[in-house]
Each structure stands twice: as C-alpha cells, then as structure tokens.
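Ready for a few exercises on reading a protein model? Try each task yourself before you look at the solution.

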Amino acid sequence: MAPLTKELTVGQVAQRSGVAISALHFYERQGLIHSRRTTGNQRRYHRDTLRRVAFIRISQRVGLPLARIRQALEQLPENRTPTRADWASVSAQWRDELDTRIAQLTRLRDDLTGCIGCGCLSLNSCTLSNPDDELAAAGPGPRRLMVERLIEPDT
C-alpha cells in the first residue's frame, strides 16, 4: 500500500468527499477551502481539506448558510490540521442556533398540518388559527410556526 501524500488533487478530493469538482471550485471561490497551485497551475489541497468539506456538507444539510459556515472555518488554524479541540470550539458556538433550528423543525412538523390542514391557506382570515387576524401585530409570516430566535432580518 502506497504511503499517504500530504496533498490531494481536486479530483482526489472530489472522489473522497463525494462532492463535485465544480462544488469544490465554488467552495474555494467562497473562501471555505483553500488550495495552492503547482507550477503547472493545478490545484493541490492539504488532506485536512477533506474534513473541511465534510464539515461544509453537514452544515449545509442542517440549513446553515454559507456565511455562517465561513465564519466558523475562519476560526480554524490554517497552518496545521485542526484538532478535536478546534472542532469542539466551533461546534459549541452553534449549539444554541442548532437547538433553535431543531425547535423550529419540531414545531413545523407538529403544527403544519393543523395550521393549514383546513384548506383555507389564509393566516389572515382563518377563524380557527388566527381569528380577527390578531397575529398581524406579531409581524409578518406564519407566526405560529416560527421560532423567534431563528428569524433574521432580510438574510
């Protein structure tokens, strides 16, 4: 078995991570991962890029925006492979946000059918869920289904 190399080609990263080459290029343009160029202008990635790509994919799956993912990755060291403690620090910062997202999804799962189940699809005129449009004072959108801490203005 050949020894592991310190650097991987874009094709190797794509194959190992299950991410398309075009997505890796996009991640790089967004500042989420970094490569160096060889004298032949080919990309080379450090092996720890695989962990970063896995982190990006999992973060996206739970609905975190790329801006938040970038902020987290910027806190990781560039000059060495991140340690377990580095990753724990990043994930601890997201605990409240993830708990809020879990609460939002639970509420959506449990209440969505009842909220729009009558078929009227109108939160303005629904006499069961929103008589006299009293929720309008709470702000726009499906107020009963929203978890307040998760709502961010125009992002």
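Helices here are DSSP runs of at least four residues, numbered from the N terminus. With that in hand, Gln-71 can be placed in helix H4. Keep in mind that the model is a predicted one.

**Exercise 1. Layout of the chain**

Task: Work out how many helices and strands there are in the chain, and which pattern the chain follows.

Solution:
- Step 1. Count the elements: the chain has six helices and three strands.
- Step 2. Read along the sequence, and the pattern is β-α-α-β-β-α-α-α-α.
- Step 3. Turn to contacts with a separation of 6 or more: 56% of them are between residues 24 or more positions apart.

**Exercise 2. The sheet**

Task: Find the order of the strands in the sheet and decide whether the pairing is parallel or antiparallel.

Solution:
- Step 1. Recall that strands of a sheet pair through backbone hydrogen bonds, either parallel or antiparallel.
- Step 2. In this model three strands make an open sheet, ordered S1-S3-S2, with antiparallel pairing.
- Step 3. Strand S1 (7-8) and strand S2 (36-37) are the edge strands, each pairing on one side only.
- Step 4. Look at S1 and S3: two bridges link them, and Leu-8 sits opposite Tyr-45 in S3.
- Step 5. Now take S2 and S3, also joined by two bridges. Here Arg-36 has Arg-44 in S3 as its bridge partner.
- Step 6. Finish with the hairpin of S2 and S3, which has five residues between the strands. Asn-41 lies in the loop between S2 and S3, and its phi is near 65°, a positive value in a residue other than glycine.

**Exercise 3. Buried or exposed?**

Task: Classify Arg-52 and Gln-71 as buried, partly exposed or exposed.

Solution:
- Step 1. Set the cut-offs: buried means under 20% relative accessible area, exposed means over 50%, and partly exposed lies in between.
- Step 2. Arg-52 has a relative accessible area of 5%, so Arg-52 is buried. Arg-52 belongs to helix H3.
- Step 3. See what surrounds Arg-52. Beyond its neighbours within four places in sequence, Arg-52 is in contact with Ile-33, Leu-73, Leu-76, Pro-77, Glu-78, Pro-82 and Trp-87.
- Step 4. Pick one of these partners, Pro-82. Arg-52 and Pro-82 are 30 residues apart in sequence, and their C-alpha atoms are 9.4 Å apart.
- Step 5. Gln-71 has 39% relative accessibility, so Gln-71 counts as partly exposed. From C-alpha to C-alpha, Gln-71 and Gly-31 are 9.9 Å apart, with their positions 40 residues apart in sequence.
- Step 6. For the whole chain of 155 residues, 30% count as buried.

**Exercise 4. The nonpolar core**

Task: Find which residues touch the most other members of the largest nonpolar core, and which helices supply at least two residues of this core.

Solution:
- Step 1. The largest nonpolar core holds 23 residues, and those touching the most other members are Leu-24, Tyr-27, Phe-55, Ile-69 and Leu-73.
- Step 2. At least two residues of this core come from each of helix H1 (10-17), helix H2 (21-29), H3, helix H4 (66-74) and H5.
- Step 3. Zoom in on Leu-24. Not counting residues up to four places away in sequence, Leu-24 touches Val-10, Val-13, Ala-14, Val-19, Ile-33, Tyr-45 and Val-53.

**Exercise 5. Two pockets**

Task: Describe the lining of the largest pocket and that of the second largest pocket by nonpolar, polar and charged residues.

Solution:
- Step 1. Rolling a probe the size of a water molecule over the atoms shows where empty space is left.
- Step 2. The largest pocket has a volume of about 260 Å³. Its lining has 15 residues, with His-46, Arg-47, Asp-48, Thr-49 and Glu-78 nearest the centre.
- Step 3. Sort that lining: two residues are nonpolar, five polar and eight charged. S3 provides the largest share, three residues.
- Step 4. The second largest pocket holds about 160 Å³ of space. Residues that line this pocket include Phe-55, Trp-87 and Trp-94.
- Step 5. H3 gives the most to the lining of the second largest pocket, three residues.
- Step 6. Sort the lining of the second largest pocket: seven residues are nonpolar, two are polar and none is charged.

Methods: Residues are numbered from 1 along each chain as its sequence is written. This is a predicted model: local features need pLDDT of at least 70, side-chain atom pairs count only at pLDDT 80 or more; totals for chains, interfaces and linings use all residues. Side-chain values use heavy atoms; hydrogens and water are left out. On a 1 Å grid over the protein atoms alone, a cavity is a set of points where a 1.4 Å probe fits but cannot get out, and a pocket is an open set with protein on both sides within 12 Å along at least five of seven lines; lining residues have an atom within 4 Å of a point. Grid points are joined across faces, edges and corners, and a volume is the space filled by probe spheres set on the points. Ala, Val, Leu, Ile, Met, Phe, Trp, Tyr, Cys and Pro count as nonpolar, Asp, Glu, Lys and Arg as charged, and the others, Gly among them, as polar. Buried means under 20% relative accessible area, exposed over 50%, partly exposed in between (1.4 Å probe, protein chains only). Contact means heavy atoms within 4.5 Å. Two strands pair if DSSP finds at least two bridges between them. A nonpolar core is a set of buried Ala, Val, Leu, Ile, Met, Phe, Trp, Tyr and Cys residues joined through side-chain atoms within 4.5 Å.
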